[in-house]
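Biologist: I am just starting out with protein structures, and I would love a close look at one part of this one. Could you walk me through it slowly?

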Amino acid sequence: MKLRIAVQSKGRLNEDTMELLKEAGIKVSSSRRTLLVAARKFPMEVLFLRDDDIPETVADGVADIGVVGLNEFEERAADAEIVKHLGFGACRLSIAVPKDVDYTGTEWLQGRRIATSYPGILSRYLESKGVQADIHVITGSVEIATGIGLADAIFDIVSSGSTLVSNNLKEVEVALESDAVLIANKNLSTEKREILDKLLFRIDAVMSASDKKYVLMNAPRECVQAILDVLPGIKSPTVMPLAQEDWCSIHTVLDESCFWDIIGRLKDAGAQGILVLPIEKMIL
Ligand code: PRT
Ligand code: ZN
């Protein structure tokens with residue numbers, strides 16, 4: 001029995017998905033000449049597809065699970081369930097208009113032409129705002145649609161926003177915040193559910209560790225309390241005596257972003273020889 005996962009064959013989500021599987025101890029041969037590749041050391045096989053086809057493939061059971069952008073999943077409205085947000089591939093689906101437009105709010109969109117590759121999400125969004133507009137479906141280069149007179153506004157994926165800027169557009173509404181999601185067929189057998197649960201356990205361990213650091217520092221014993229006061233939310237930090245009398249080593253786990261915030265205060269409190277190490281897995 002193998003759990004079949006659909007993964008984007010190339011494109012923005014392929015690398016992060018394969019990296020996540022690797023971190024979870026699931027090895028897949030990197031040669032993508034074949035569509036279906038068996039994983040090593042885990043009862044899984046990987047089906048490489050275009051992202052557009054992943055939601056349906058999972059919904060109809062040709063694949064058991066899949067990794068796809070939430071934007072793509074929502075657009076296809078496929079009958080599968082989201083089991084986990086994976087955090088990578090973050091972007092948003094937004095409405096943008098030429099930057100010299102005096103945009104007043106969604107009512108500005110009434111009766112306008114909007115170009116997009118996401119007509120499903122856009123029409124649901126406009127309906128929720130009580131706006132009627134003329135949706136013009138195009139599959140590529142949506143960002144040039146206003147410049148060539150094809151539309152008054154566009155509805156497209158925005159990440160850094162630089163594509164909008166270089167096309168003289170400004171983002172005026174965000175309809176969907178997206179990231180990559182792990183989706184599953186709704187009728188998995190008990191055995192396949194069990195494999196999925198094992199996979200989820202491993203993914204959780206990888207994701208919990210991803211922005212955490214293991215931090216070690218030395219300090220004179222009289223500084224320990226001041227250092228512990230700086231460390232946030234630690235229930236029971238490890239404090240160990242060093243060979244040198246009246247010196248201790250303090251070990252803790254911190255969010256990387258938090259670490260940068262408190263590093264100065266740790267040093268002021270007397271911490272020395274601070275070491276920051278990556279954490280590979282964390283089982284909570
Ligand atoms: O070949 P296949 O059909 O599988 O791939 P694809 O070309 O349809 O998709 P791909 O690989 O481009 O993107 C896959 C998924 O990545 C998308 O469905 C999103 O969920 C996610 N993602 C994250 C993005 C972006 N960021 C992104 N920036 N997808 C596309 N873009 C494009 C966007 O279309 C726009 O042209 O980047 C441009 C905007 O980027 P900024 O940074 O200039 O704002
Ligand atoms: Zn696609």
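Is D52 buried, partly exposed or exposed?

Modeller: Happy to help! Please keep in mind that this is a predicted model. D52 is partly exposed, since its relative accessible area is 24%. To be called buried, a residue needs a value under 20%, and to be called exposed it needs one over 50%, so 24% falls in between.

Now let us see what D52 does in the model. Together with D51, D52 provides the protein donors of the zinc ion (ligand 2), and these donors are of the OD type, lying 2.0 to 2.1 Å from the ion. Around the zinc ion (ligand 2) there are 4 donor atoms, and the angles they subtend run from 74 to 175°. Four donors count as tetrahedral if all angles lie between 85 and 135 degrees. For comparison, the ideal angle for four tetrahedral donors is 109.5 degrees. With a spread of 74 to 175°, the arrangement around the zinc ion (ligand 2) is irregular.

From the zinc site we can step to the largest pocket, where D51 turns up again. The volume of this pocket is about 1100 Å³. Its lining is made up of 36 residues, and those closest to the pocket centre are R12, D51, N71, Y118 and I157. Three elements give two or more residues to the lining of the largest pocket: helix 3 (70-76), strand 9 (153-158) and helix 5 (162-166).

It helps to place these on the domain map. Domain 1 takes in 3-87 + 179-208, domain 2 covers 91-178, and domain 3 spans 211-278. Between the C-alpha centres of domain 1 and domain 3 there are 39 Å.

Helix 3 leads us to a backbone detail. In the loop between helix 3 and strand 5 (81-85) you will find A77. Its phi is near 45°, a positive value in a residue other than glycine. Most residues other than glycine have a negative phi, which is the reason for pointing this one out. A77 is exposed, with 56% relative accessible area. D246 is another non-glycine residue with a positive phi, about 65°. Look for D246 in the loop between strand 13 (238-241) and strand 14 (247-255). At 45% relative accessibility, D246 is partly exposed.

Besides the open pocket, there is also an enclosed space. The count is 1 cavity of 30 Å³ or more, and the largest cavity has a volume of about 40 Å³. Its lining consists of I5, T17, L20, L21, V67, L182, L199 and I203. Helix 1 (14-23) and helix 6 (190-210) each supply at least two residues of that lining, with helix 1 giving the largest share, 3 residues.

Finally, a word on the cysteines. A disulfide is a covalent bond between the sulfur atoms of two cysteines. In this model the count is 0 disulfides. For C223, the nearest cysteine sulfur belongs to C248 and is 9.7 Å away, and C223 is in no disulfide. C223 is buried, at 17% relative accessible area. C258 is also buried, with a relative accessibility of 17%. The closest cysteine sulfur to that of C258 is in C223, 20 Å away, which is too far for a bond.

Definitions and conventions
Residues are numbered from 1 along each chain as its sequence is written. Chains are lettered from A and ligands numbered from 1 in the order in which they are written. This is a predicted model: local features need pLDDT of at least 70, side-chain atom pairs count only at pLDDT 80 or more; totals for chains, interfaces and linings use all residues. Side-chain values use heavy atoms; hydrogens and water are left out. Domain bounds come from an automatic or database domain assignment. Donors are N, O and S atoms within 2.8 Å of the metal (3.2 Å for Na, K and Ca); water is not among the atoms, so sites may look incomplete. Four donors count as tetrahedral if all angles lie between 85 and 135 degrees; four count as square planar and six as octahedral if opposite donors are over 155 degrees apart and all others between 65 and 115; anything else is irregular. Buried means under 20% relative accessible area, exposed over 50%, partly exposed in between (1.4 Å probe, protein chains only). A disulfide is a pair of cysteine sulfur atoms within 2.5 Å. On a 1 Å grid over the protein atoms alone, a cavity is a set of points where a 1.4 Å probe fits but cannot get out, and a pocket is an open set with protein on both sides within 12 Å along at least five of seven lines; lining residues have an atom within 4 Å of a point. Grid points are joined across faces, edges and corners, and a volume is the space filled by probe spheres set on the points. Helices (H or I, at least four residues) and strands (E, at least two) are DSSP runs, numbered from the N terminus.
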